[in-house]
Amino acid sequence: MSNNQSKTDEKANLMHEPPSDRFISNLTKKTVAIILAGGRGSRLKNLTDWRAKPAVQFGGKFRIIDFPLSNCINSGIRRINVATQYKAQSLIQHIQRGWGFLRGEFNEYVNIIPAQQRLSDDWYKGTADAVYQNIDLLREGGGKYVLILAGDHIYKMDYGKMLATHVTSKADMTVACINVSLEEAKGFGVVSVDELDKVVKFTEKPANPQPMPDNPAQAFASMGIYIFNAKFLYEQLILDAGDADSSHDFGADIIPRIIHKNHVQAHRFTDSCINAKSNNYYWRDVGTIDAYWEANMELTKVIPELNLYDREWPIWTYQEQLPPAKFVFNDDGRTGSATDSLVSGGCLISGSCVTNSVLFSDVHVSDYCTIEGAVILPKSTIGRNVVLKNVVIDRSCNIPDGMQIGVDLALDAKRFYVSEKGIVLVTPDMLGQDLYRVI
């Protein structure tokens with residue numbers, strides 16, 4: 001048998017032969033996760049003035065942090081740490097209310113670990129430093145493997161399958177990778193691999209991304225999801241912490257340093273994505289107002305790419321106990337209706353037409369309004385005769401009677417934030433209303 005044929009067979013065994021459920025469940029039981037959820041997400045502009053990006057609401061009833069947390073639970077990983085830093089109160093409150101169902105006596109938990117200057121006088125200086133500053137807590141968790149996650153993306157993924165790739169390839173570290181176009185890859189950390197998907201090069205936001213070996217039109221982009229052998233991770237974090245020239249980041253420092261002398265494996269998101277349809281693998285970085293609005297709007301389609309109705313891989317969250325949504329009046333020109341929209345509990349639509357919109361909990365819409373392409377966060381009130389088109393309305397906004405938003409963008413730009421694609425963001429501050437400074 002030729003050497004090339006041997007490598008081909010080895011790759012087939014590693015990447016395509018499904019591991020047993022028993023094998024995967026044994027791996028997940030030995031894994032401790034840490035979700036890095038301390039970032040502001042400044043590209044979301046005023047939407048993150050009073051909350052961290054992972055705490056931003058999404059999809060009518062969820063928060064962004066619910067997706068990596070749910071992926072952990074559904075994958076069988078039940079020792080989870082959430083590292084917080086920037087304006088974390090709403091995030092902490094949400095996790096306390098919605099994620100306290102694990103049983104400590106079974107060594108299951110979702111621990112909130114705020115930045116505490118545990119090992120120095122500094123706050124978190126980078127992704128690697130955020131893990132390093134909590135190294136004692138991770139060691140106490142006792143896992144053989146450490147799963148490191150970003151807390152600010154929308155996707156469904158079985159981390160157990162990534163763990164299987166990590167163990168069967170005998171890697172020291174494994175990086176989850178998503179296929180992106182070469183143009184998109186310029187904004188990512190790009191992973192170059194050999195024929196067995198072993199990482200041979202890592203380049204942060206390259207001008208000329210290297211294509212995948214089996215697809216010259218696409219590149220491997222890092223998803224910011226890593227699995228380490230625990231002992232190896234701790235050694236690398238301690239080494240990095242002592243490097244005065246390091247920025248203490250996994251992508252910028254840790255991965256480039258270890259790929260030439262240690263085994264770093266790439267894991268294809270296509271092998272662990274949940275509910276993929278027609279080879280369309282759902283992963284969204286809702287890091288800008290445009291991307292955030294578009295991802296919410298996608299959910300209003302008849303068959304959206306992200307299935308929120310999946311009972312086999314549900315997204316868990318905290319939800320306030322509220323009455324059912326209610327639609328009132330059926331008079332000429334005054335009909336309470338909503339089409340191609342998500343309307344959450346506690347909403348009241350009175351004699352107004354809502355289309356292609358996402359209304360979060362406890363939103364009240366008064367008479368004679370036209371609402372189209374709107375993402376309206378919880379506890380907002382829309383006055384009479386209001387027109388909203390292609391907008392994001394922040395939590396607890398009170399839109400005055402007769403106001404039109406999204407109709408005259410030049411006027412909107414003087415009082416609100418208008419994105420590159422013409423999406424208008426409205427917050428209570430912009431309306432001159434009292435700062436609520438919460439969630």
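Modeller: A polar contact is a pair of N or O atoms within 3.5 Å, where, inside a protein, one atom must be able to donate a hydrogen and the other to accept it, and where residues adjacent in sequence count only if both atoms are side-chain atoms. The structure is a predicted model, in which local features need pLDDT of at least 70 and side-chain atom pairs count only at pLDDT 80 or more, while totals for chains, interfaces and linings use all residues. Residues are numbered from 1 along each chain as its sequence is written, and side-chain values use heavy atoms, with hydrogens and water left out.

Colleague: What makes the pair His166 and Thr174 a polar contact?

Modeller: The side chains of His166 and Thr174 are joined at 2.7 Å, and that distance falls within the limit just given for a polar contact.

Colleague: Where does His166 lie, and why is it called buried?

Modeller: His166 is in helix α7, residues 159–168, where helices (H or I, at least four residues) and strands (E, at least two) are DSSP runs numbered from the N terminus. Buried means under 20% relative accessible area, exposed means over 50%, and partly exposed lies in between, all with a 1.4 Å probe and protein chains only. The relative accessibility of His166 is 1%, so it counts as buried. Leaving out residues up to four places away in sequence, His166 touches Thr174 and also, among others, Tyr145, Ile227, Phe228 and Asn229, a contact being heavy atoms within 4.5 Å.

Colleague: Which residues does His248 touch, and what makes it buried?

Modeller: His248 has a relative accessible area of 9% and is therefore buried, although its place is in the loop between α8 (230–241) and α9. Beyond residues up to four places away, its partners include Lys125, Asp129, Asp240, Asp243 and Asp253. One of these, Asp253, is itself among the buried residues of helix α9, which spans residues 250–258; the others on that list are Phe250, Gly251, Ile254, Ile255 and Ile258. At the start of α9, a side-chain oxygen of Asp249 comes to within 2.9 Å of the backbone nitrogen of Gly251.

Colleague: How do you know that Val426 and Ala266 are buried?

Modeller: Val426, in strand β29 (residues 424–426), has a relative accessible area of 0% and is therefore buried. Ala266, in strand β12 (residues 264–268), also counts as buried, because its relative accessibility is 0%. Setting aside neighbours within four places, Val426 is in contact with residues including Val392, Ile393, Phe416 and Leu431, whereas Ala266 touches, among others, Thr165, Thr174, Val191 and Val199.

Colleague: What makes Cys369 buried, and how many Å separate its C-alpha atom from that of Val386?

Modeller: Cys369 is in the loop between β22 (364–365) and β23 (370–376), and with a relative accessible area of 3% it is therefore buried. The C-alpha atoms of Cys369 and Val386 are 4.7 Å apart, with their positions 17 residues apart along the chain, and Val386 is one of the contacts of Cys369, together with Cys353, Arg384 and Asn385 among others.

Colleague: Why are Phe329 and Ser396 called partly exposed?

Modeller: Phe329 has 37% relative accessibility, so it counts as partly exposed, and Ser396 counts as partly exposed because its relative accessibility is 28%. Phe329, in the loop between β14 (326–328) and β15 (330–331), has a positive phi of about 80 degrees although it is not a glycine. Ser396, in the loop between β25 (387–393) and β26 (398–399), is likewise not a glycine and has a positive phi of about 65 degrees.

Colleague: How many helices and strands are there, and how do you know how compact the protein is?

Modeller: The protein has 11 helices and 29 strands. Its radius of gyration is 23 Å, close to the 22 Å that the globule rule gives for 439 residues, so the protein is as compact as a globular protein of that length; the radius is taken over C-alpha atoms, and the rule is 2.2 Å times the number of residues to the power 0.38. The C-alpha atoms fill a box of roughly 80 × 50 × 45 Å along the principal axes, and 53% of the 439 residues count as buried. Of the contacts with a separation of 6 or more, 60% come from residues 24 or more positions apart.
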